[in-house]
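New to this one? Take a look at the model first, then use the notes that follow to find your way around.

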Amino acid sequence: SMLAEAHTVLGSIAQDHDYDWEGAEKHFRRAIELDPGYPTAHQWYSSTLLYLGRIDEALLEAKRAQELDPLSLIINLNLGDVLYYMRQYELAIEQYKNTMALDYNFPWAHYSLAGVYQLQGRFDEATKENEEAHRLGGNVPYTLVPNGWVYAQAGRKADALRVLEDLIKLSQ
């Protein structure tokens, strides 16, 4: 319903602009009460619950959103992010790959997968996914920065410096 969508947006504003997590939660709960089948309310509520440290509830909401909209890329990515945050790395990897199976060209699934690989010290795989995210997402700092970080961690100094040069060019 429109009212549920309105509360969802108000929850997002409370969270992202006012850092009012309790206010955000009230709006998301109201939205879900008004329309339990609105997936975005569950997805955004899961993020709020993560911030509040209520991880089990966050996972339930992320899974509920995915049940309601199984083909949504952002909702599938969000479920992977919750699993990543829970340090369920193998499940997060599986979920990011599931997201890519829906649309390989969605850069953020590659970007997030790279983050897990990097944490695991799997630098070659992290680099491959970061490069793919960068190729698919366009020449933006958001996809360049993590690549430089992986190169540096992997001891690939020349590659890391090249990324730095690219960032300096972009900033001009």
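**A quick tour of the fold**

Residues 24 or more positions apart make up 48% of the contacts in the protein that have a separation of 6 or more. Keep in mind that this is a predicted model. The protein has 10 helices and 0 strands, so to read its order from the N terminus you simply get α-α-α-α-α-α-α-α-α-α.

**Size and surface**

- Along its principal axes, the C-alpha trace spans about 55 × 35 × 30 Å.
- The protein has 172 residues, and 42% of them count as buried.
- About 9,500 Å² of the protein is exposed, with carbon and sulfur atoms supplying 55% of that area.
- On the charge side, there are 15 positive and 25 negative side chains. The centres of those two sets sit 5 Å apart.

**The nonpolar core**

- Which residues touch the most other members of the largest nonpolar core? They are Val82, Tyr96 and Leu113, out of the 30 residues in that core.
- The elements giving two or more residues to this core are α1 (2-16), α2 (21-34), α3 (39-51), α4 (55-68), α5 (73-85), α6 (89-102) and α7 (107-119).
- The one that gives the most is α5, with 5 residues.
- Tyr96 is a good residue to click on. Leaving aside its neighbours within four places in sequence, Tyr96 is in contact with Leu77, Gly80, Asp81, Tyr84, Ala109, Ser112, Leu113 and Val116.

**Aromatic pairs**

- How many aromatic pairs turn up in a search of the whole structure? There are 4, and two of them are described here.
- In one pair, the rings of Phe28 and Tyr45 have their centres 6.2 Å apart and their planes at 40°, so this pair counts as tilted.
- That pair ties together distant parts of the chain: Phe28 belongs to helix α2 and Tyr45 to helix α3, and the two are 17 residues apart.
- Are Phe28 and Tyr45 buried or exposed? Both Phe28 and Tyr45 are buried.
- Another pair brings in Tyr84 and Tyr89, whose ring centres are 6.1 Å apart. Their planes are at 65°, so this pair is edge-to-face.
- Tyr84 is partly exposed, because its relative accessible area of 29% falls between the 20% and 50% cut-offs.
- Tyr89 is partly exposed too, with a relative accessible area of 23%.

How values were computed:
Residues are numbered from 1 along each chain as its sequence is written. This is a predicted model: local features need pLDDT of at least 70, side-chain atom pairs count only at pLDDT 80 or more; totals for chains, interfaces and linings use all residues. Side-chain values use heavy atoms; hydrogens and water are left out. Helices (H or I, at least four residues) and strands (E, at least two) are DSSP runs, numbered from the N terminus. Buried means under 20% relative accessible area, exposed over 50%, partly exposed in between (1.4 Å probe, protein chains only). Contact means heavy atoms within 4.5 Å. Accessible areas come from the Shrake-Rupley method with a 1.4 Å probe; for residues, only the protein chains shown count as cover. Lys and Arg count as positive and Asp and Glu as negative; His and the chain ends are not counted. The place of a charge is taken as NZ of Lys, CZ of Arg, CG of Asp or CD of Glu. A nonpolar core is a set of buried Ala, Val, Leu, Ile, Met, Phe, Trp, Tyr and Cys residues joined through side-chain atoms within 4.5 Å. Rings of Phe, Tyr and Trp (its six-membered ring) pair if their centres lie within 6.5 Å; planes under 30 degrees apart count as stacked, over 60 as edge-to-face and the rest as tilted.
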